[in-house]
There are 2 protein chains.
Amino acid sequence: METVGRIAGVSQVTVSRALNDPKKVSAATLKRIQDAIELTGYVPNMVAGALASRRSQLIAALVPSITNVIYSDLMQNFIDVIRGSGYHVLMAETGFSQDEEQAVLSTMLSRRPDGILLTGIHHSPGCKRMLLGAGIPVVEVWDMTENPLDVCIGFSHIKAGEEVAKYAVSCGYEHALIISAGDERALRRKNSFAAQFDQLTGNAPTEVLYETGATIERGRNGLTTGIELGFKNGIVMCSSDLLAHGVLIEAQSRGLRVPEDIAAIGFGNQNFAPFTLPALSTVEVNRTHLGKQAAEALVARINNQPLSKNSIDIGFEIIARAST
Amino acid sequence: METVGRIAGVSQVTVSRALNDPKKVSAATLKRIQDAIELTGYVPNMVAGALASRRSQLIAALVPSITNVIYSDLMQNFIDVIRGSGYHVLMAETGFSQDEEQAVLSTMLSRRPDGILLTGIHHSPGCKRMLLGAGIPVVEVWDMTENPLDVCIGFSHIKAGEEVAKYAVSCGYEHALIISAGDERALRRKNSFAAQFDQLTGNAPTEVLYETGATIERGRNGLTTGIELGFKNGIVMCSSDLLAHGVLIEAQSRGLRVPEDIAAIGFGNQNFAPFTLPALSTVEVNRTHLGKQAAEALVARINNQPLSKNSIDIGFEIIARAST
DNA sequence: TTGTATGCGTTATCAT
DNA sequence: ATGATAACGCATACAA
């Protein structure tokens with residue numbers, strides 16, 4: 001800035017102004033400064049800027065997995081909006097582990113982010129303490145609580161499980177097989193589905209659980225295991241569309257008719273869901289909307305603008321297609 | 001640090017040493033400093049550290065799409081290794097556009113990253129100029145050139161297309177349908193496949209192109225369009241496993257036998273490929289290896305360690321499964 | 001509209 | 001082994 005200023009015949013401060021608040025600089029000097037910037041190839045140093053202004057223009061975003069479309073889709077929309085407000089995103093993976101989340105958060109806070117996006121509402125005590133100490137806005141997404149750390153935007157996994165159970169029963173299914181990934185939120189959906197389905201039909205669902213993530217492979221294996229465990233017909237409730245897709249494939253491989261012999265319902269409404277054979281019934285959560293709204297809420301909080309509510313339930317929708 | 005030092009009975013400088021180079025501090029004072037840090041809840045400020053040391057411990061990573069598993073998988077492994085070396089990753093999406101890449105790079109350079117990961121080898125002149133000006137290590141991945149900006153790790157898309165064509169012909173297919181996404185690398189594979197297939201069989205492939213990304217939906221529609229264009233039997237060469245999966249589904253929907261009536265081969269060897277019906281033939285690129293190696297190369301370059309070669313071809317492998 | 005002085009929280013250099 | 005001092009490149013308060 002010093003150099004640019006010298007060439008433009010102004011002080012370093014005026015260059016700073018020209019960059020951050022051009023209205024405060026006369027048109028003539030602004031032009032000279034821009035020419036000087038062009039000439040020198042000056043690149044602003046946000047590190048120094050952040051130190052001086054105490055605003056890093058950085059958002060830390062912690063997601064369980066970046067390869068899972070559910071979350072990367074959410075992040076894509078989040079980043080899109082947040083970039084528009086001049087922020088960069090420091091993204092990290094927590095692998096569904098609170099310890100990992102705490103470890104990652106700890107190093108991220110050294111970057112002095114202006115705001116934080118967390119996935120889920122369950123965090124370690126150490127996490128909460130650090131967040132409190134940092135004193136910056138926090139948005140928790142993809143779950144719902146009345147007592148967020150700061151702001152929460154998402155939906156109730158318990159309700160989702162229940163509604164799927166009610167839907168399944170309304171379709172006339174009297175038996176159910178659950179194939180679920182092992183993360184805490186998937187298990188909460190599973191449990192509320194099982195409880196509700198049992199209550200309505202008197203039949204407790206058969207369960208096949210996988211410790212780690214959902215894949216088509218596990219959907220196929222899950223159906224196989226379920227059948228070995230005695231599941232004959234009814235609905236297969238999957239914690240993810242990928243598992244459900246695997247179920248459809250395995251059913252076809254076994255010559256089972258869908259939905260006559262077995263039905264399947266997934267979760268997530270991934271973009272392939274309408275195009276499987278048969279088309280996959282699922283639960284839709286508007287990830288585009290969620291990502292954008294989370295970004296807007298975070299920016300609002302950073303700017304001390306008031307939010308109407310600290311907990312925003314964006315809900316979900318059961319999409320009935322041919323697989324049920 | 002000032003506060004921590006006062007409590008520990010040392011100067012601010014000694015606290016800095018205790019954190020960055022503990023060996024230089026006596027065991028006794030180190031202990032007192034650690035206690036003081038614990039007591040105060042001190043969190044280091046990497047913004048200030050970066051300004052003073054001129055090392056941001058930040059890596060900028062530009063990928064075409066974060067929702068595409070091909071790239072997010074690559075990034076996952078990259079980040080994993082790079083984190084182990086004490087770096088944070090600033091990731092951004094470029095959407096397969098050189099203009100977008102330049103715009104993103106321009107704002108990223110303000111963060112003074114210590115290194116940069118780029119996807120692909122084709123960049124705008126402005127991009128190259130900025131990179132040159134920044135004077136930091138650059139690793140280009142997912143493609144191959146003898147003249148990288150700095151370091152290049154990947155494979156040849158032209159070779160990949162050619163090898164797929166040779167493989168297809170070796171299987172006995174005499175006609176081909178190409179379904180491809182519109183990004184530059186996919187088109188390069190498509191073109192070399194088409195040229196090679198034509199040369200070997202005398203039959204130019206039918207082509208269906210989509211401007212944007214690959215989805216199962218487009219795979220289904222692509223086969224439909226291809227059939228309308230006159231494709232009857234032979235092999236369907238897809239620029240992505242997702243497209244190929246869509247082809248399998250559409251074939252099944254039409255009662256076409258795979259691979260007897262039509263065969264299909266994808267690209268990427270995504271984790272579902274072995275579990276489709278029939279299992280999908282595809283081209284595998286070891287993304288885990290690529291991500292890790294890119295991270296290691298970048299760290300080595302940052303530390304001025306020599307690399308044996310500036311262009312590393314990790315190759316690819318045609319995985320023959322039941323769909324061909 | 002522009003400039004001067006000061007400080008942001010570290011690391012690096014040099015001295016002790 | 002430890003400390004004093006000077007950058008690092010910018011933004012802010014205040015003055016002109």
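**Entry 1: the span from the record**

Helices (H or I, at least four residues) and strands (E, at least two) are DSSP runs, numbered from the N terminus. With that settled, I looked up residues 1-53 of chain A, which UniProt lists as "domain: HTH lacI-type" in an unreviewed entry. (UniProt positions follow the numbering used here, feature names are shortened, and annotations may be inferred rather than shown by experiment.) I found that this span is 72% helix and 0% strand, and that its end C-alpha atoms lie 16 Å apart.

Ground rules for my notebook: this is a predicted model, where local features need pLDDT of at least 70, side-chain atom pairs count only at pLDDT 80 or more, and totals for chains, interfaces and linings use all residues. Residues are numbered from 1 along each chain as written, chains are lettered from A and ligands numbered from 1 in written order, and side-chain values use heavy atoms, with hydrogens and water left out.

**Entry 2: DNA strand D**

Which residues come nearest to DNA strand D? I looked through the 25 residues around this strand (each with a heavy atom within 4 Å of it), and the nearest are Ser16(A), Tyr42(A) and Arg55(A), together with Thr14(B) and Arg17(B). On the DNA side, I noted that 67% of the strand D atoms within 4 Å of the protein belong to sugar or phosphate, with the rest in bases.

Next I checked the polar contacts (N or O pairs within 3.5 Å; within protein, one atom must be able to donate a hydrogen and the other to accept it, and sequence neighbours count only if both atoms are side-chain atoms). An N or O atom in the side chain of Tyr42(A) is 2.4 Å from a phosphate oxygen of DNA strand D. For the side chain of Arg55(A), the distance from an N or O atom to a phosphate oxygen of this strand is 2.6 Å. Met1(A) uses its backbone instead, with an N or O atom 3.3 Å from a strand D phosphate oxygen. The elements giving two or more residues to this surface are α2 (12-20) and α4 (46-53) of chain A, plus α2 (12-20) and α4 (46-53) of chain B.

I then sorted the surface near DNA strand D by class: 11 residues are nonpolar, 10 polar and 4 charged. (Ala, Val, Leu, Ile, Met, Phe, Trp, Tyr, Cys and Pro count as nonpolar, Asp, Glu, Lys and Arg as charged, and the others, Gly among them, as polar.)

**Entry 3: DNA strand C**

On to the other strand. I counted 24 residues around DNA strand C, where Thr14(A), Arg17(A), Thr29(A), Gln12(B) and Ser16(B) come nearest. Sugar or phosphate accounts for 62% of the strand C atoms within 4 Å of the protein, and bases for the rest.

I picked out three phosphate contacts here. A polar side-chain atom of Arg55(B) lies 2.9 Å from a phosphate oxygen of DNA strand C. The side chain of Thr29(A) has an N or O atom 3.1 Å from a phosphate oxygen of strand C, and Asn45(B) brings a backbone N or O atom to 3.3 Å from one. At least two residues of this surface come from each of α2 and α4 of chain A and α2 and α4 of chain B. By class, I found 10 nonpolar, 10 polar and 4 charged residues near DNA strand C.

**Entry 4: chain A against chain B**

How many residues does each chain give to the contact? I get 46 from chain A and 46 from chain B (heavy atoms within 4.5 Å), going by the contact list. The two chains bury about 4300 Å² between them, 60% of it on carbon and sulfur atoms. (Buried area is the accessible area, 1.4 Å probe, lost on putting the two parts together, summed over both.)

I found 2 salt bridges between chain A and chain B (Lys or Arg side-chain nitrogen within 4 Å of an Asp or Glu carboxyl oxygen). In one, Glu100(A) pairs with Arg83(B), their closest N and O atoms being 3.2 Å apart. The interface also holds 24 residue pairs in polar contact, both residues at pLDDT 80 or more. On the chain A side, the elements giving two or more residues are α4, α5 (69-84), β2 (88-93), α6 (98-108), α10 (216-228) and α11 (241-253). α5(A) gives the most, with 7 residues. I sorted this side of chain A into 23 nonpolar, 15 polar and 8 charged residues.

**Entry 5: odds and ends**

Across the whole structure, I counted 26 salt bridges over all chains. One of them joins the side chains of Glu163(A) and Lys166(A) at 3.5 Å, N to O. These two are about one helical turn apart because they sit 3 residues apart in helix α8 (residues 157-170) of chain A.

Last, I looked for unusual backbone geometry. Most residues other than glycine have a negative phi, and most peptide bonds are trans. The bond from Leu277(A) to Pro278(A) is cis, with omega near -10°, and Pro278(A) sits in the loop between β9 (262-265) and β10 (282-284) of chain A. In chain B, a cis peptide bond joins Leu277(B) and Pro278(B), with omega about -10°. Arg112(A) is not a glycine, yet its phi is positive, near 50°; I placed Arg112(A) in the loop between α6 and β3 (115-119) of chain A.
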